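Hi,

Here is the structure I said I would pass on. Have a look at it first, and then read my notes below.

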Amino acid sequence: MINFGWTFSSDSVFEPILMDPCRLLALVLLVRIVFHAGAEDSEIDSLSLSGTIQGNLSASRNNFTEIHISPQKCSLEVLDLSSNNFTSDFLDILLVTCKGIRSLQELSLSSNNLTGELSGLRSSNSLQKLNLSTNVFTSFQIEQCPTLEELDLSFNNISGTDKFQAGSGSSEVEEDEITEITFPLLIVYVINKELSICKAYEEVFILQGIRLDDFEHKDGSSWYLLGPFLRNLKNLEWLDLSQNWLESHIPDSLDDDQGDGGDGQMILVAIISGGASFLLCSFLQLVFHGDAEDSELEALLSFKNSVDDPLVALNNWKAGTDVCQWIGVSCSSVGRITGIQLDSLSLSGLLPFSTIQALPQLRTLSASGNNFTGIKISPQKCSLEVLNLSSNDFTSDFLDILLVTCKDIRYLNLSHNKLRKISLKGTIGHVMVSVDLSHNRISGSIPASFFTLCKSLRFLDISSNQLVGGVPEDMFINCRSLQELSLSSNNLTGELSGLRSSNSLQKLNLSTNFFTTFQIKHCPTLEELDLSFNNISGTVFWKDCAALKMLNLSDNHLSGPFLSVFANRSLATVFKSLKVLQADHNNFIGELPTVPPSLNVLDLSCNLFSTGNPNICPARSSLKSLLLVYNRLHGRVLNSAMNCGNLEMLDISINSLAGPIPVDMCSRLPKLQHLLLWGNNLEGSIPATISNCSELVTLNLSFNNLTGVIPQQISGLKKLWLLLLSNNMISGAIPASIGSMLSLRSLVLGHNMLQGGLPSELRNNKGLTLFLVNDNQLTGQIPGWIGRSSEVEEDKITEVTFPFLMVFAINIEASICKAYEEVFILQGIRLDDFEQLPFATRCRRWFFLAPPGFNLTIYTLVNSPLAIDLSHNSFTGTIPEEFGGMRDLNVLNLAHNLLTGAIPSTIGNLKNLEWLDLSQNWLESNIPDSLGNLTFLNYLNISNNKLFGRVPQSAQLALFPVSSYEGNPGLCGFPLAECASLHDPFHDDHKDENDDDGHGDQTILAAIVGGGVSCILWTFAVFFSKRWEALLKRLI
């Protein structure tokens, strides 16, 4: 604590100083230095006012946090406590304790952390100037201000109606007594203070409409040299404009008697803190610099020679050439180097930062996406304002010395490196605006020094590191300008009840940590909050967050009724601007909540909700996406969503919904694009009014108890891409009208009771890539037009983005259960959870994934079907030769039918085929040798037919087990029994029996040895390769 018990009985001792502005400035600086030094040396944080206090008292620019007032006599006239860290409101106490301080004329408390409401000035009858700017006051009320002349409340959070009471006792000033000129602008006088380093520098700037910190940052701005300005300086003798950012021709006005050695002198007026001084300046010379200096060129050449450049990217960095034309180098209009951009050039080695420091006007350095491992920094100062070294291999701790030598850095990006530790013994400084340290390996706790001096900090990202411990509360107190903060993907723990003092924070990401408690009690500006993947429980919102637009609470330990998280208040009360609310993967129970009118997206999937809410959408609801996947909803919950007239996505899959699909659903939800109700107990038939959902792109009603027929009116869905009706009890024929649905890409009708043949109109669906009608009662011959391959016209390209995960499941054990191909559309549920459901555990199968957000176009799709499954029906006749023309086919399943004839040799043309099942038919032929050409074939089953002859001796077909060929008594050869006495029609140079016995198996075994490793890795090579990524993009 520092105690001021001073008595100032008179200001007369200071009169000589006050008459000299230069001495006055020196005195003010001295007082500030003494106070500052004292505070640092003794770690002073408390100010005590006692004894007799008179005259003027200034304790500004210190680190005081508390004040104790107990004076014996108090007659202060000027009190300046600005630029400290006071947090409590002591103005009322000061006025009462000093009995109004009737002599107090000027009071400044600006640039502190004062909060709350202020209703002072009740007893002040002398106060003329009051400065409370740059604090956190929320209310200020003036009840008495008879003498107040200046009041500054800027940069606070004051709202409502300020109350002013007219003052009394003020006097009129006669016009003939006016001696004061008021300038409506800021006049800044700049004096260079490092004469040993550079030339003296004096300048006057007149500023209005721009803040000083913005004025100081010249990145992207231009300074213009104006002729009329210079033309008026008739007595100019010395003009030095070097080392600036001037952009223009030298004006002709410089020739108008300039530089002739005039005898006069120019007088400049500088106004500093209300005082005035007159400076006489002699101007002696005119200086312009047009090109980069030799020292700058040498510095860049030294940089080039110090790094490894395998791509020779810096080839044109050569002496004798224009440095401003070098790759990555930017210059000002007068030829000084101001920027260097060397991103993604594969440069490596140690970054010679010391050469960068030799460039006095360099403002920007970007060297991201290289392979630098270390950095060389000298004690020399640098002029950088923007530094981007992201996506390198830096491992050393160099941030301390960097911030000491480069004090003007405002934007710092060291993300995506291998930094393990950042000590930061100092501070990031007042000028720093943005710091990105994400995606490193930083361990330990969050450095407290981050938040000591951070007034300008707006963006801070320390996500994807290995930080532990809690979050310092000072972060929200000291970093008043902080707008975006990301601490996601760390190991942070404990309780966090911050945001009490944050008045600027807009985006906060704390996801993927181990927080157990998070409470919001102050969020006036917060717009985005991500708390997902933590262990949070209990009430989160104790105050309203009117500005919040995005909220993610998913994957926590939240439980009980949904509104308990919001202190049992309605969502409409807490949120006025909320657009997206994600609360999936928790343990909420009971009734669904009523959404606020502003909400666009609500995801409550994977909870324990059991009851619908007929008022889930209020009048004028903006809800577009409602996800209620995998809850315990039962009954006719679907009716609850009928009031959400703006819905585009409705997914209530994997619940226990019952009853029919509402006949008026499409008239009440006319904007619906994605309707997913699979995995429920819906009954009845598909209503013909489904055609009124004219915007539908996805319709998934699979795994229900639907009956009746597919209505002909379904063809009215002209924009439909995905039609999934499998695993129901739908009967009747496949409607011929489906052939007019030219946008259709996937038709999945398996596991129903459909009858009849395949309508010829389906040949019009040239874009159909997934055709699954397995496990029905279909009859007739397989038409040849299925095997077509068509070209897609580029001018008919359309684009659709699917927001969900798609899973293509294929059974691989036909001997255990029926052939099973299915398409699952998943959102709101993870794949590992889905695999535990009865839908996914029926048979072992492979999963091919198409991730959310796939942007699909017709042009990127294939020119023929990708998957055809006609299995488990009663198709007759032969396999069409045209099947060999489907050059993009990946899956062909014709098993369990009544097919006869031969296996077409054209099947060998299907170079992309990976799955072939022709089992359980009446096929009679040899196995075509061409099947050995199917190098991508991963599954083959031609068992239980009437095939005969030798299995072709190819390395590919030798990889498959006996079960792939069994049930064909006429077949022989590896892996079946050797054809001991059977004539081999496929080999002209036939050898005797002993030769066959001695070498035939050896040939096959050699093929196995040659392909053994590839057999083990085949699944990974096929199903997780880039090639399969392309397949998945086309599968749907």
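Let me start with a disulfide: Cys523 is joined to Cys545, with an S to S distance of 1.9 Å. Keep in mind as you read on that this is a predicted model. The link of Cys523 and Cys545 is left-handed, with -105 degrees about the S-S bond. Cys523 sits in the loop between strand 29 (514-518) and strand 30 (528-530), while Cys545 sits in the loop between strand 30 and strand 31 (550-552), so the bond ties together parts that are 22 residues apart in sequence.

Are the two ends buried or exposed? With a cut-off of under 20% relative accessible area for buried, Cys523 qualifies because its relative accessibility is 6%. Cys545 counts as buried too, because its value is 0%.

That pair has company: searching the whole structure turns up seven disulfides. Two others I looked at are these.

Cys382 and Cys406 are bonded with 1.8 Å from S to S. This one links distant parts of the chain, 24 residues apart: Cys382 is in the loop between strand 19 (371-375) and strand 20 (386-388), and Cys406 is in the loop between helix 8 (399-405) and strand 21 (411-413). Cys382 and Cys406 are both buried.

Then there is the disulfide of Cys666 and Cys693, where the sulfur atoms are 1.8 Å apart. What is its handedness, given a torsion of about -100 degrees around the S-S bond? That torsion makes the disulfide of Cys666 and Cys693 left-handed. Here a helix is involved: Cys666 belongs to helix 11 (residues 665-668), whereas Cys693 lies in the loop between strand 42 (681-682) and strand 43 (698-700), so parts 27 residues apart in sequence are tied together. Both cysteines, Cys666 and Cys693, are buried.

Now to the sheet. Three strands make up an open sheet with parallel pairing, in the order 32-34-36. Strand 32 (559-561) and strand 36 (608-611) are the edge strands, each pairing on one side only. From one strand to the next, the twist averages 10 degrees. Strand 34 (residues 587-591) and strand 36 run parallel and are joined by three bridges. If you want a spot to zoom in on, Ile589 stands opposite Leu608 in strand 36.

One last residue: Cys606 counts as buried, because its relative accessibility is 10%.

Cheers

Terms used
Residues numbered from 1 in each chain as written. Predicted model: local features only at pLDDT ≥ 70, side-chain atom pairs only at ≥ 80, totals over all residues. Heavy atoms only, no water. Pairing = 2+ DSSP bridges. Helix = DSSP H or I, 4+ residues; strand = E, 2+ residues; numbered from the N terminus. Axes fitted to C-alpha atoms, helices over the stretch in contact; angles between N-to-C directions. Disulfide = S-S within 2.5 Å. Buried < 20%, exposed > 50% of the residue type's maximum accessible area, 1.4 Å probe, protein only.
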